[in-house]
Amino acid sequence: VLTISLMFQVSWVRHRDIHLLTVGRYTYTSDQRFQSINTPHTEDWTLQVRYPQRRDSGIYECQVSTTPPIGTSMYLSVVEPITTVLGGPEMYINRGSTLNLTCIVKHSPEPPPAISWTHNSEEINYDSPRGGVSVITEKGDVTTSYLLIQRAAPPDSGKYACNPSNANSKTVIVHVLNGEHPAAMQHGGQLRLEYPLSVFLLSATITLMS
C-alpha cells in the first residue's frame with residue numbers, strides 16, 4: 001500500500017520482466033489477476049494480486065509521476081503450505097494399541113481454519129458407536145493435528161488422509177497387525193519386505209513401553 005497525492009499518476013511495475021501492470025485504476029496486462037485499487041476518499045494505492053502463485057514472487061515497484069519520478073520497491077514472497085503426516089507413507093501398529101496419526105501444516109500464511117480426517121475416503125465420525133476416536137488440533141505458525149484411535153483393530157487399517165482447508169491433503173496407509181510381521185505380509189500375491197526384523201522389534205518394544 002502506498003499513500004500519495006491524487007494529483008499524481010500511480011503505476012505498478014513488475015521487475016522480473018519489467019512489465020507495466022497498472023496505471024491509475026487501469027490494468028495494462030492480460031493477466032487480470034492484477035488490479036490497482038485506490039481506497040475511496042484516501043490517497044492509498046494497493047496492488048491486488050488474486051489467486052497468487054509461486055511464480056508471482058519477486059520485486060514490484062510503485063512509481064509516481066512526479067518530476068523527477070519517484071518510486072518504492074517491495075518484495076512479494078508467495079509461499080505454498082506443506083502438509084506432512086509423520087511416519088508415512090505406510091505405518092504398522094499392533095492390534096489393541098493406540099493409533100496416533102500426526103499431521104503437520106507448515107508455511108501457511110495463516111493457520112488452517114479447519115482440518116478434517118478421512119478413512120478410506122470417508123470422513124471420520126468422532127461420535128460413532130465404535131468410540132475411542134478423537135482429534136486434537138494445535139494452531140500456530142506450524143499447525144499440528146493429532147488423530148487418536150484407541151484399541152486399534154484390523155477394520156481400522158486403510159488409507160487415512162489429513163485435509164487442511166487451505167493446503168494440500170496428505171495420506172498415509174495404516175496396517176493393523178494381528179501379531180504377524182510386516183515383512184511376511186502378502187501384497188497382491190507378491191511378498192514385499194518392509195522392514196528388517198531388528199528394526200520392527202525395536203519399534204514394537206518402544207510402542208509397548210510407551
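Student: Taking a salt bridge to be a side-chain nitrogen of Lys or Arg within 4 Å of a carboxyl oxygen of Asp or Glu, how many salt bridges does the count come to here?

Tutor: The count comes to 5 salt bridges by that rule, and please keep in mind that this is a predicted model. One of them joins Asp17 and Arg14, whose closest N and O atoms are 2.8 Å apart.

Student: Is Arg14 buried or exposed? And what about Asp17?

Tutor: Arg14 is buried, with a relative accessible area of 8%, whereas Asp17 is partly exposed at 35%. The cut-offs behind those words are under 20% for buried and over 50% for exposed, with partly exposed in between.

Student: OK, what does Arg33 meet in a salt bridge?

Tutor: Arg33 meets Asp56, and the N to O distance between the two side chains is 2.8 Å. Arg33 lies in the loop between strand 4 (26–27) and strand 5 (34–38), while Asp56 lies in the loop between strand 6 (44–49) and strand 7 (58–64), so the pair ties together parts that are 23 residues apart in sequence.

Student: How accessible are those two, Arg33 and Asp56?

Tutor: Both fall under the 20% limit for buried: Arg33 has a relative accessibility of 11% and counts as buried, and Asp56 is buried with a relative accessible area of 0%.

Student: Which residues is Asp56 in contact with, leaving aside its neighbours within four places in sequence?

Tutor: With those neighbours left aside, Asp56 is in contact with Arg33, Phe34, Val49, Tyr51, Leu76 and Val78. Asp56 also belongs to a network of salt bridges in which it is linked with Asp31 and Arg33.

Student: You listed Phe34 there. How many aromatic pairs does the count come to?

Tutor: The count comes to 1 aromatic pair. The ring centres of Phe34 and Tyr60 are 6.4 Å apart and their planes stand at 35 degrees, so the pair is tilted; the class follows because planes under 30 degrees apart would count as stacked and those over 60 as edge-to-face.

Student: Where do Phe34 and Tyr60 lie?

Tutor: Phe34 is in strand 5 and Tyr60 in strand 7, and the pair links distant parts of the chain, 26 residues apart. Phe34 and Tyr60 are both buried.

Student: Back to salt bridges for a second: what does Arg130 pair with?

Tutor: Arg130 forms a salt bridge with Asp156, and their closest N and O atoms are 2.8 Å apart. This pair too links distant parts of the chain, with Arg130 in the loop between strand 13 (122–123) and strand 14, Asp156 in the loop between strand 15 (143–149) and strand 16 (158–164), and their positions 26 residues apart. Arg130 counts as partly exposed at 33% relative accessibility, while Asp156 counts as buried at 9%.

Student: Changing topic, in what order do the 4 strands of the open sheet run?

Tutor: The order is 9-11-15-14, and the pairing is antiparallel. Strand 9 (82–85) and strand 14 (133–138) stand at the edges, each with a single partner strand, so one side of each is left without a neighbour in the sheet. From one strand to the next, the twist averages 15 degrees.

Student: Over how many bridges do strand 9 and strand 11 pair?

Tutor: Strand 9 and strand 11 (residues 99–106) pair over 4 bridges in the antiparallel sense, and Thr83 stands opposite Val105 in strand 11.

Student: Any odd backbone geometry? Which peptide bonds are cis?

Tutor: The peptide bond from Thr67 to Pro68 is cis, with omega near -5 degrees, and another cis bond joins Gly88 and Pro89, with omega about 5 degrees. Pro68 lies in the loop between strand 7 and strand 8 (70–76), and Pro89 in the loop between strand 9 and strand 10 (90–94).

Student: And what is phi for Asn120 and for Arg151?

Tutor: Asn120 has a positive phi of about 55 degrees although it is not a glycine, and Arg151, also a residue other than glycine, has a positive phi near 50 degrees. Asn120 lies in the loop between strand 12 (115–119) and strand 13 and counts as partly exposed at 43% relative accessibility. Arg151 lies in the loop between strand 15 and strand 16 and is partly exposed with a relative accessible area of 49%.

Student: Last one: what does the secondary structure of the chain come to?

Tutor: It comes to 1 helix and 19 strands, and buried residues make up 35% of the 210 residues in the chain.

Definitions and conventions
Residues numbered from 1 in each chain as written. Predicted model: local features only at pLDDT ≥ 70, side-chain atom pairs only at ≥ 80, totals over all residues. Heavy atoms only, no water. Pairing = 2+ DSSP bridges. Helix = DSSP H or I, 4+ residues; strand = E, 2+ residues; numbered from the N terminus. Axes fitted to C-alpha atoms, helices over the stretch in contact; angles between N-to-C directions. Buried < 20%, exposed > 50% of the residue type's maximum accessible area, 1.4 Å probe, protein only. Phe/Tyr/Trp six-rings, centres within 6.5 Å; stacked < 30°, edge-to-face > 60°. Contact = heavy atoms within 4.5 Å.
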